[in-house]
Structure formats: C-alpha cells, structure tokens
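Here's a quick tour of one model, starting with its pocket and ending at a spot on the surface. Have the 3D view open as you read.

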Amino acid sequence: MLRKVLGKQHLVVNNLLSKRLISTTRACSAQFCDSVDDAIKDISDGNKLLVGGFGLCGIPEFLIDGLVKKGVKDLTCVSNNAGVDDFGLGLLLQQKQIRRMISSYVGENAEFERQFLTGELEVELTPQGTLAERIRAGGAGIPAFYTPTGYGTLVHQGGSPIKYNSDGSVQIYSKPREERQFDGRNYIMEESIRGDFALIKAHKADTAGNLTFRLTANNFNQPMASAGNITIAEVEEIVPVGSIPPEDVHVPCIFVDRVIQCTGHQKRIEKVTLLAKEGVKKLSDSPRDRIIRRAALEFTDGMFANLGIGIPMMAANYLSDITVTLQSENGLLGLGPFPRAGKEDADLINAGKQTVTLLEGASIFSSDVSFGMIRGGHVDMTMLGGLQVSGKGDLANWMIPGKMVKGMGGAMDLVGSPGTKVVVTMEHTARGAHKILPECTLPLTGTRVVDTIITEKCVFEVDKDAGLVLVELAESETLDTLKQATAASFEVSPDLKPLQQIKLQ
C-alpha cells in the first residue's frame, strides 16, 4: 500500500516538473526593437551608460549615433576609452553631451584630452583591469573588492585630477582608497560599477536573446552586459533559437533586455598594421634598435608574456628556437604576427589597437578574464616603456600633469601582479633630461615594481632594498659617462658584462 502511494506521489511530482519545464523553456523575454530610436527611447539626460568596445573594436556604433541625434546630455559614460575624434564616443564628446568619462585610457583622442585639460569634461581615470573588475562585480552583486593594482599611486592615495578649472588649476581631485593587508601584501578597495543602461555590441543574437561575440570584439562588452539596469545589444545578425550552440553563448539571454539588428557597420580600424613584404625589418645600430636587440634576450622558452607597443612588441619579432606565448590585455592569448595586406580584420586587434593574427592554439576571452590572468600572476613577464624609473624600481609612464594625459591603460595591473617579472625598455635620457632618478617626479604607475631596466647604454637590475645594480654596459659608454646620464646612484656588478645583443640570422 505504501509503495502504491509513493508511486502516485512520484508520478504527480514528475508531471508537475514536466509542466514547469515546458512553461519555462523560453522564459527569456528580450525585446527585439524595430529601430535604434525605439531601443534607446528612455535614455535621458544625466543617465549613466556602460558602453562596450576597446578602441574602435566592438563598439555599438549605431546606438552611439542614435544618442548623438537624440541630443541627450550630461551623460556619465563608462568605457575603456572614448573612440577617436570623429567616431564612436568621440561624436558625443564633440557635441558636449558627456559630462564625465570613467575610462582607463585617453589614447589618441585629441578632443578627449583637450576637453579634460581645459575643464570642459570630468575624467575619472581607472586602471583597465580594475575597471573591468568593477563592472563585473557590479553585475555579480558584489559592492566592492580588494585589489593590489594601484597601491601607492594616486589611485590609492587620491589627488588625481578629475576636473580642471579653465585656468589649469584642479577643481575636483580623486578620493583616497581604503587599504588593507592580506597575507602581508597590500591591497586597496575598489567599489563596483553599475549603469542605468549598458550599450553593447555583439556579432549574433538568437531569438531568445542569447549573444555571441566575434574575436576580440568581446572585450568589455561581456562584463557590461550584466551590469546595466537595462542592457541594449546592437547585433549584426539575428538567428533562430538553437543556432548558437549553448557552449558558444557568451551572454545568456537573462542579461539582455533589448536587441537591435543593424547592418552596414563601418568597423573602422584605428591602427592598420601590416607585415612588411620583406618580412621583419633589419636592425641597425641606432639607440632604439640596440634596445630591441637586448630586450629580445629577456624571453625564455615556454614563457607567457605581455608586451607594450613599440620596442617591446618589436623585440618579439627577433626570437628564434624558443616558444613564447604572447598575451594581450584586451582578451587574447596566442598573439600572432601582423597580417599581410588584405588579411586585416577589424574584429582582431591587440591592446595597442593594431591589427594582428592568431597562432594555432590561441584563445580569446573578455577583458575581465584577461585581467584575472594578469592579476592572478599567470603571466611570466611584462615588458613596457617608461617616462621615469626610480632607484628603488618605482615606475611612472602614464601622465604629465596639466600637459599630457594618456591614461594608465592596463599598465598598473600589469606591474602590480605578483610573480610577474617587470622589464622596462626606454631611451636612457629624454632630450638630455634624466629618466632614471632617485625618486620619480611624475605620478606613479607602481611602487617598487621594476625588476630590469634596459636602455641603449646599459642594463640595470633592480634590488628593491639596495637599489640599482649595473650588470651590462655598452662598449660606447664608460662608468663616468653613465653616471652623468643617470641621476640615481647605482652599484656595479662584479660580473659586469658588455651590453648583450641577440644574434640575428
């Protein structure tokens, strides 16, 4: 008797579950809009917008154009950068529709920099990885978190200009961050970010509202999708439900409120960079090429490395007989060479906004995942340029107050990662001015973070307590000439060598 009753109960439960499963199979309720105007109909003055993209890659260009035409103003825009002068968020800047930008990088947008320095625009500069994590945390319901990025800098201490007066004085400074130690390591607290609206760009949406991205157009779009009170996705194609395999859905429909399909995307490429017909250029004995030849010797077989634009990226062209996997902070592991003419792809760029290719076995992911790799110490070496380095390994490379503001981008995250070797490549002086100093005079990127300094004159290893140790010296230099060119004091290694140069085939 008991068995029969239990059997009936089991049957009833199964029937209820079956009905529930049937009734919730298509629970996602994204609205598919007929026009851009319909998609942005309730965006109004003073709203806070999360705007996806990295450089010009993966930006919701039609939604941005719609905002320009609508004329909404006093916007706070959260985006890695602000496009260029005449495209992307740069169009909103031109029309003075943005009151505050929360970004990591000003970059090559001259109007962005001009408005900031003249007091027309508020700019809250935030390390790129911190920005990605603040957005991800906002979407995950986490109000704040601790990060090592920016400890000891203006991000931590406060005092970074947010708004200038027209006379060049500072009207609004950034506030200090709370600090705390965990396991003997210093961290600062960052608050999460949410927006009234998230405007993102995806490659495809299915009719349930699931989204998938193409190549490095993922970037900030994926974490932003979950952090908007209303998320609006601009897509190139709408496909039937089920057309996107479940494992290829980057943004589940639960995060998507509206979808608008747009055609005829310009997909401008900020920096078309191609492989020369003759291949990698031959190096001379110029100061710059001397640095490149020496920097190439820092790579070891099996290494994961992140390289800044310019000299660091060029050094990777001269590797032989070793395998180095390059990571790019916009969400790419397995960076290949520049493409040949006609093979460039607007959806495939590196962190310097240059067109690139992928090596076999490469992977692509969102910006928050990328900086999880970096912050978690999974990258063996980062090589980047510098404006100044101190005798204790402090680095400054992102700002000259009141004159030049490019933003820190991902540099603060890269140099603040535990276990990652930090190599700075730079010319020894700048128009005769010292760049290696007892203390940096420019705002810091990181404190006691540099391990090696490579210039055209020498190589210094940095002992965080004892200071600089000269380990290699160019044959054209003497200790006396080097001391004249170096403001910081240094010790000379008992095993001092000539400046090493990679042997080119």
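Strand 19 gives the largest share of the lining of the largest pocket, with 3 residues. Keep in mind that this is a predicted model. Strand 19 (381-384) isn't alone here: strand 15 (303-307) and helix 12 (411-415) also give two or more residues to that lining. The largest pocket holds about 730 Å³ of space, and 32 residues line it. If you want to find its centre, look for Tyr105, Ile309, Asn397, Gly407 and Met408, the lining residues that lie nearest to it.

Next up is a little sheet. It's open, has 3 strands in the order 21-20-27, and its pairing is mixed. Strands 21 and 27 sit at the edges, each pairing on one side only. Between strand 20 and strand 21 there are 2 bridges, and the two strands pair in the antiparallel sense. For a residue-level handle, Gln388 has Ala396 of strand 21 as its bridge partner.

Here are the strands of that sheet by residue range:

| Strand | Residues |
|---|---|
| Strand 20 | 388-390 |
| Strand 21 | 395-396 |
| Strand 27 | 436-437 |

Last stop: the surface. Leu479, Val492 and Leu496 make up a nonpolar patch there, and together they have about 190 Å² of accessible area. Val492 belongs to strand 31, which spans residues 490-498. Is Val492 buried or exposed, or partly exposed? It counts as partly exposed, because its relative accessibility is 35%, and partly exposed covers what falls between the under 20% of buried and the over 50% of exposed.

Technical notes. Residues are numbered from 1 along each chain as its sequence is written. This is a predicted model: local features need pLDDT of at least 70, side-chain atom pairs count only at pLDDT 80 or more; totals for chains, interfaces and linings use all residues. Side-chain values use heavy atoms; hydrogens and water are left out. Patches are made of residues with over 30% relative accessible area and no salt bridge: like charges are joined within 9 Å, nonpolar side chains (Val, Leu, Ile, Met, Phe, Trp, Tyr) within 5 Å. Accessible areas come from the Shrake-Rupley method with a 1.4 Å probe; for residues, only the protein chains shown count as cover. A salt bridge is a side-chain nitrogen of Lys or Arg within 4 Å of a carboxyl oxygen of Asp or Glu. Helices (H or I, at least four residues) and strands (E, at least two) are DSSP runs, numbered from the N terminus. Buried means under 20% relative accessible area, exposed over 50%, partly exposed in between (1.4 Å probe, protein chains only). Two strands pair if DSSP finds at least two bridges between them. On a 1 Å grid over the protein atoms alone, a cavity is a set of points where a 1.4 Å probe fits but cannot get out, and a pocket is an open set with protein on both sides within 12 Å along at least five of seven lines; lining residues have an atom within 4 Å of a point. Grid points are joined across faces, edges and corners, and a volume is the space filled by probe spheres set on the points.
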